[in-house]
Amino acid sequence: MTEILALHAFEDNYIWLLRAGGFAVVVDPGDAAPVLDHLERSGDRLCAILATHHHGDHVGGLAEILQRFPVPVFGPALENIPGVTHPLAGGERIELPEIALELEVISVPGHTRGHIAYYGPSLHDHGAVFCGDTLFGAGCGRLFEGTPAQMLESLTKLAALPAPTLVYCAHEYTQSNMRFALAVEPGSIAIQRRSEHVAKDRAAGRATIPTSIHAELQTNPFLRWDAPAVRAAAANRLGRAPADAVETFAAIREWKNRF
Ligand code: ZN
Ligand code: FE
């Protein structure tokens with residue numbers, strides 16, 4: 001059974017650590033210190049590193065970790081990340097034999113041009129996805145290198161995973177994202193409930209991640225481009241009805257950038 005731990009980095013980053021049988025794999029080590037600390041304290045042996053995209057808060061710790069533990073590094077083929085030994089474009093299956101895990105690689109460009117996600121159907125019985133800065137709790141990543149159409153397609157792939165799939169994103173942004181979700185759909189009971197729940201969790205110092213595809217489908221404005229209230233909010237921003245899902249998504253994303 002693979003255990004998934006959150007290592008905290010910087011203000012609000014999560015470095016996910018998968019461990020089983022004395023071995024560990026880390027996802028997006030923006031900082032080496034929490035990873036090296038964990039390995040020292042637990043005695044886990046690092047056997048691989050997974051990177052979702054090239055931003056420093058996700059790969060900044062690579063060099064220092066690799067100096068101590070020269071393990072294979074999986075990462076996006078389209079991005080230049082020093083240390084990556086296994087470039088991935090999406091569609092591959094990767095084997096992590098030490099922790100008895102197989103992951104599927106999903107191409108999710110938009111936040112960055114080569115962004116990838118790692119989906120483990122066997123994790124937690126119902127599956128888990130490590131999606132970096134693509135899908136967040138009640139939000140999505142900013143479009144630094146991709147178009148709204150690309151991001152919409154990427155989010156559509158994640159939304160199509162089985163509903164109970166747990167979502168391990170790389171930032172604790174849920175509470176502020178909930179405020180925006182409520183502004184988009186003020187009448188949504190699901191969003192109001194989740195908002196209260198998230199506020200309680202944060203007040204108690206608890207993580208709101210992992211979330212689930214199910215929860216995101218109900219409350220994340222960036223997965224709800226078909227919902228009448230979200231289309232209406234987009235129309236309000238555009239001053240006319242959005243022509244399609246891409247326009248709806250783009251208008252909501254644009255609003256969030258200024259929110
Ligand atoms: Zn990023
Ligand atoms: Fe980030």
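Colleague: Which helices and strand each supply at least two residues of the lining of the largest pocket?

Modeller: This is a predicted model, and the pocket in question holds about 180 Å³ of space. Among the 15 residues that line the largest pocket, Phe136, Cys140, Gly141, Arg142 and Tyr173 are the closest to its centre. The elements that each supply at least two lining residues are β12 (139–140), α5 (174–184) and α9 (245–258).

Colleague: How many residues of that lining are nonpolar, polar and charged?

Modeller: Gly counts as polar in this division, and Gly141 is one of the residues closest to the centre of the largest pocket. The lining of the largest pocket divides into 4 nonpolar, 7 polar and 4 charged residues.

Colleague: What do the buried residues of α9 pack against?

Modeller: In α9, the buried residues are Thr248, Phe249, Ala251, Ile252, Arg253, Trp255 and Lys256. An α-helix has 3.6 residues a turn, so residues three or four places apart point the same way. The 14 residues of α9 should span 20 Å at 1.5 Å a residue, which agrees with its end C-alpha atoms being 20 Å apart. The buried residues of α9 pack against β12, α4, α5 and α8 (228–238).

Colleague: Which helix gives the largest share of the largest nonpolar core?

Modeller: The largest nonpolar core has 57 residues, and those with the most contacts inside it include Ile252, Phe130, Leu155 and Leu158. The largest share of this core, 5 residues, comes from helix α4 (residues 148–159).

Colleague: Which residues does Phe130 touch, leaving aside those up to four places away in sequence?

Modeller: Phe130 is among the residues with the most contacts inside the largest nonpolar core. With residues up to four places away in sequence not counted, Phe130 touches Ile4, Trp16, Leu18, Val27, Thr52, Ala117, Tyr118, Leu123 and Tyr168.

Technical notes:
Residues numbered from 1 in each chain as written. Chains lettered and ligands numbered in written order. Predicted model: local features only at pLDDT ≥ 70, side-chain atom pairs only at ≥ 80, totals over all residues. Heavy atoms only, no water. Core = buried A, V, L, I, M, F, W, Y, C linked by side-chain atoms within 4.5 Å. Buried < 20%, exposed > 50% of the residue type's maximum accessible area, 1.4 Å probe, protein only. Helix = DSSP H or I, 4+ residues; strand = E, 2+ residues; numbered from the N terminus. Contact = heavy atoms within 4.5 Å. 1 Å grid on protein atoms, 1.4 Å probe; cavity = no way out; pocket = protein on both sides within 12 Å on 5 of 7 lines; lining within 4 Å. Points joined across faces, edges and corners; volume = space filled by probe spheres on them. Expected span 1.5 Å × (residues − 1).
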